[in-house]
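I opened this entry to keep a record of what I looked up, in the order in which I looked. The structure goes in here before any notes.

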Amino acid sequence: MLLPLTPPSVPPDGPAAPDAPSADQEALRRAAQALEASFLAEMLKQAGFGESRDSFGGGVGEAQFASFLRAEHARALAESGGIGLAEQLFRSLVARAGPVERAP
């Protein structure tokens with residue numbers, strides 16, 4: 001016996017949207033991600049990422065642009081979730097700032 005599927009009940013004014021982040025919260029999130037990216041770039045540098053190889057390396061040019069490669073990898077890591085440092089920083093900053101007041 002098959003049972004008919006019933007759609008979930010939706011309020012008459014449409015589904016409730018989650019609270020959109022304020023401009024201040026977006027700025028805090030971007031700052032937290034930038035800090036995490038800087039931290040990750042330094043960690044990648046200490047791990048030796050982007051260093052030229054002994055044989056068949058790129059020479060002086062490779063050494064000069066290695067920091068740009070590390071910075072882009074770190075930025076991409078931070079934007080995709082990273083190690084969670086940005087999220088913890090963001091939550092801490094939002095908690096410290098207090099509740100967001102919305103205009104009526």
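I began at a turn in the backbone: Gly-48, just after H1, takes a positive phi of about 90°. I note at the outset that this is a predicted model, and that every value below is computed from it.

Overall fold. I then stepped back to the secondary structure, which comes to 3 helices and 0 strands in the protein chain, and which follows the pattern α-α-α when read along the sequence. Among contacts in the protein chain with a separation of 6 or more, I found that 84% are between residues 24 or more positions apart.

Helix H1. I checked the length of H1 against expectation: at 1.5 Å a residue its 24 residues should span 34 Å, and because its end C-alpha atoms are 35 Å apart, the two values agree. I next asked which residues of H1 are buried, and I listed Gln-25, Ala-32, Glu-36, Ala-37, Leu-40 and Ala-41, a set in which I marked Gln-25 and Glu-36 for their side chains. Looking for what covers these buried residues of H1, I found that the cover includes H2 and helix H3 (85-97).

The core. I looked up the largest nonpolar core and found that it has 5 residues, namely Ala-37, Leu-40, Ala-41, Ala-74 and Ala-78. The elements that give two or more residues to this core are helix H1 (23-46) and helix H2 (59-79), and H1 gives the most, with 3 residues. I then followed Leu-40 outward, and, leaving aside its neighbours within four places in sequence, I found Leu-40 in contact with Ala-74, Leu-77, Ala-78 and Ile-83; of these partners, Ala-74 and Ala-78 are also listed in the core.

The surface. I turned from the core to burial in general, and noted that 13% of the 104 residues of the protein chain count as buried. The protein chain exposes about 8,600 Å², of which carbon and sulfur atoms supply 61%. I also recorded a nonpolar surface patch of about 300 Å², made by Phe-39, Met-43 and Ile-83; Ile-83 is thus in this patch and also among the contacts of Leu-40.

Is Met-43 buried, partly exposed or exposed? I placed Met-43 in helix H1, and I entered it as partly exposed because its relative accessibility is 43%, a value between the 20% and 50% cut-offs.

Methods. Residues are numbered from 1 along each chain as its sequence is written. This is a predicted model: local features need pLDDT of at least 70, side-chain atom pairs count only at pLDDT 80 or more; totals for chains, interfaces and linings use all residues. Side-chain values use heavy atoms; hydrogens and water are left out. A nonpolar core is a set of buried Ala, Val, Leu, Ile, Met, Phe, Trp, Tyr and Cys residues joined through side-chain atoms within 4.5 Å. Buried means under 20% relative accessible area, exposed over 50%, partly exposed in between (1.4 Å probe, protein chains only). Helices (H or I, at least four residues) and strands (E, at least two) are DSSP runs, numbered from the N terminus. Contact means heavy atoms within 4.5 Å. The expected span of a helix is 1.5 Å times one less than its number of residues. Accessible areas come from the Shrake-Rupley method with a 1.4 Å probe; for residues, only the protein chains shown count as cover. Patches are made of residues with over 30% relative accessible area and no salt bridge: like charges are joined within 9 Å, nonpolar side chains (Val, Leu, Ile, Met, Phe, Trp, Tyr) within 5 Å. A salt bridge is a side-chain nitrogen of Lys or Arg within 4 Å of a carboxyl oxygen of Asp or Glu.
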